[in-house]
Amino acid sequence: MNKQQLANRIWESANKMRSKIEANEYKDYILGFIFYKYLSDKEVKFLIENDYTDELLPTVTEDDDETVRWVQQNLGYFISYNNLFSTWISIGRDFDVSNVTDALSAFNRNISSSHKKVFEKIFQTLETGLSKLGDSSGARTKAISGLLQLIKDIPMDGKQDYDVLGFIYEYLIEKFAANAGKKAGEFYTPHEVSLLMSEIVANHLKGKNEIEIYDSTSGSGSLLINIGKSVSKYMPNSDNIKYYAQELKENTYNLTRMNLVMRGINPSNITTRCADTLEEDWPFFDENDPVNTYETLYVDAVVSNPPYSQAWDPSNKESDARYSRFGLAPKGKADYAFLLHDLFHIKPDGIMTIVLPHGVLFRGGEEGEIRKNLIENNHIDAIIGLPANIFFGTGIPTIIMVLKQKRENTDVLIIDASKGFIKEGKNNKLRASDIKRISDAVAARADYPKFSRVVTQDEIRKNDYNLNIPRYVDSSESAESWDIYASMFGGIPKSEIDELYEYWKAFPNLKQTLFNDNGTPYLTLAANDIKSQIKNHADVIEFEKAFGDTFANFSDFLKDELLSKMTTLAITKTEDDLSENIFDRLKNIPLIDRYEAYQILDDNWSGISVDLEIIQTEGFEAAKKVDPKLIIKKKNGRDEEIQDGWTGHVIPFELVGETLLSDDYAALAADENRLSEIPSEYEDLLESLTEEEKESDILNESGDSFVAKEVTKKLKALKNEEKTTETAKFIEKLKTYEKLAKEEKELKSSIKKKSAELQKKIKITIENLSDEQVYMLLEKKWIEPLIEGLKGLPDTLVDTLVSKISALQTKYDTTLDEIEAQIKETESTLAEMIDELVGNEFDMKGLSEFKSLLLGE
């Protein structure tokens, strides 16, 4: 089971257990126990690496001062053997809620003094909330036992440990956020928004060997973690990244610390604080520092997603260094207070990205004055308008603002990215291609029609420092217009055909082939089969050939990059390298949207990267392994997990079947196809029954299926009846049913048998694959779908052009003159029908008047 499958399973089980506890609260329990498991297993791993055996582990107790100090010096904390997560599991039915309360209490007193800031009170939310898991000690024990069983299978084997645990933790946080409504905004920034901010920051920080990053409203810590991951792609040593986080709410602050620690970040690189960012600026007087040294924190990057338009107290803050240059945000809206706080803490060559409500761009008063000062002091670098409904718990439009302390340019890049997303449930979600399109535009500072524009300070001044995005970038669709002449007399206006100029530029001779030109401003289609005309045109054929030639050796390139280097390549960086290669190939190919190509790469990469992770952590032989296929079945009213066959650890069973066991696979597929045809034959048979035949007992109460026993009875009865043509036909229908029912039964039996045999054969085949066969199968799994997806881009392009031309044809296909003639003909026909009607005196008078109206008399 890969980490995504395991995460799904844990979420499904957690959802069933949650009962009356809200998602926002329940997450504190399950995530707290996941973190405790992480710390426990990390200590066990450390002890085993230092020659502790299973027999020696029980000797690790608080009574052994020397061992306690040794573990603390290396890990920053100490957990005795009795309090280990694995010990809780091993004692089975003897486990009690008191084991947890004792262990959490012991953890707090066994934190190393040098790691107090990272670990102190980190389990306080869990400790204080245990009482909500049940009304009695027994009920709480049962609930906690269920939680422990949920997470005990998360691997901590030293191979995928940190990555799997961190992934599952982040996955659960996102799922809890999606179910927590408005409370979600307190602790979670959607992964895609976080990635976008990360890419912008990482691009700015390229080339630095040491980096400090800070989130002033850190929530779950996901923003910091993603920034760290993106930045590390360009750094030789990720240990040179220092993380600073500040969070007001204690339970959310604990999430920050847990998440950072579980990502394998060295605790000495983590500095966190639970406090009010606006009231208590960072840095602070350290109570452990006898000198009370105060030194301002300046970092390379600040990222934040603060609470929107929150009330705050600006009293006595005029002289605060964070606000004195720009002004104070109004009491009812702290958005600019958070922004100015973040800006204050970046180095001269640093960068900050902040998520804010759209209103900060145009609201007046104190906010308008702050905005003016930021522009005049040249701090605002870019503004990115995001789609609505992209954040959990709020549908208000939001933006990302990018600011810097010092900039060479004085303009502002404004991007309207509100149209690029996919719908996912109630929320909108940025696609990988949307994220790349935006981050590339920020890096290039380029103008793209209806998407981005570089705006001068002078233009912003003329707009009275109003930065509302539609003032500068119009991303709206052009209003539909109708040509009066074409509406009356037909033809397609040249002006509307010319709007497709990009296609005519790429296919210079296509327009004259598709349209007849009679010398007027209006054209007519030369043929009805538009798609065939376009697809077979020499310009399009040449375009498709050029596209094919461009990607002719792409398959070989992918084999070299992915297959030859699968055990050593840098997974996150490789996707960037592949996208650059695709972009480079498309450089001289018109019309093809390179971001559509990137989306195809990313859609395929999600599966490829999972396989690469497994192979790199478990070795090449992992591709020759199978896993039990586990399903949930109800047994005695309870969900029970049972094995239902096998599944490939890396190589899918279906792929092996259709590739290496094609005869067996084809035979099974033929049976399955035939079985799928039988229901429609039953339907045809039902429809052929006469009403009299349907009234017999051969059908069920609803009359939509046969009853086998009754069909047999009826056949016996009919044999004794007088033979008529109708009886013979009825008997034939019933025999046809019996033949189909017999075939269906035999097919189901055959499919079950063949499927079981094929499963066994595939399992044996995978376990005995040669290296060459693994490479061949991975090529089919990874490379061929990507190649096929890219090959489909020219067809998509042609379909789009056909659709646009067909829409123009339909628009002016029926003229108003023709509509008028059709109306008159219909009125005349209706008038003639009125003459055939009869009725009393008053009816006829009414009909006569109606006829006069129809005929215009």
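**Figure 1. Where the charges sit in this predicted model.** Let's start with charge: the protein carries 105 positive and 150 negative charges. Take the mean position of each set, and the two points end up 3 Å apart.

**Figure 2. The whole protein and its surface.** Now for the overall picture. Along the principal axes, the C-alpha atoms fill a box of roughly 110 × 85 × 70 Å. The accessible surface adds up to about 42,900 Å², and carbon and sulfur atoms own 48% of that area.

**Figure 3. Inside the fold.** Go looking for secondary structure and you'll find 34 helices and 16 strands in the protein. The chain material runs to 857 residues, with 47% of them counted as buried. How much of the contact list comes from residues 24 or more positions apart? Among contacts with a separation of 6 or more, such pairs make up 72%.

**Figure 4. A hole in the protein.** Count the cavities of 30 Å³ or more and you get 1. The largest cavity holds about 50 Å³ of space.

**Figure 5. Who lines the largest cavity?** Three helices each give at least two residues to this lining: helix 2 (23-49), helix 7 (124-129) and helix 12 (250-262). Which helix gives the largest share? That's helix 12, with 4 residues. If you want to pick out the lining residues one by one, look for Asp 28, Gly 32, Ile 122, Thr 125, Leu 126, Asn 251, Asn 254, Leu 255 and Met 258.

Methods
Residues numbered from 1 in each chain as written. Predicted model: local features only at pLDDT ≥ 70, side-chain atom pairs only at ≥ 80, totals over all residues. Heavy atoms only, no water. Buried < 20%, exposed > 50% of the residue type's maximum accessible area, 1.4 Å probe, protein only. Contact = heavy atoms within 4.5 Å. Areas by Shrake-Rupley, 256 points an atom, 1.4 Å probe, with all protein chains shown as cover. Lys, Arg positive; Asp, Glu negative; His and termini not counted. Charge placed at Lys NZ, Arg CZ, Asp CG, Glu CD. 1 Å grid on protein atoms, 1.4 Å probe; cavity = no way out; pocket = protein on both sides within 12 Å on 5 of 7 lines; lining within 4 Å. Points joined across faces, edges and corners; volume = space filled by probe spheres on them.
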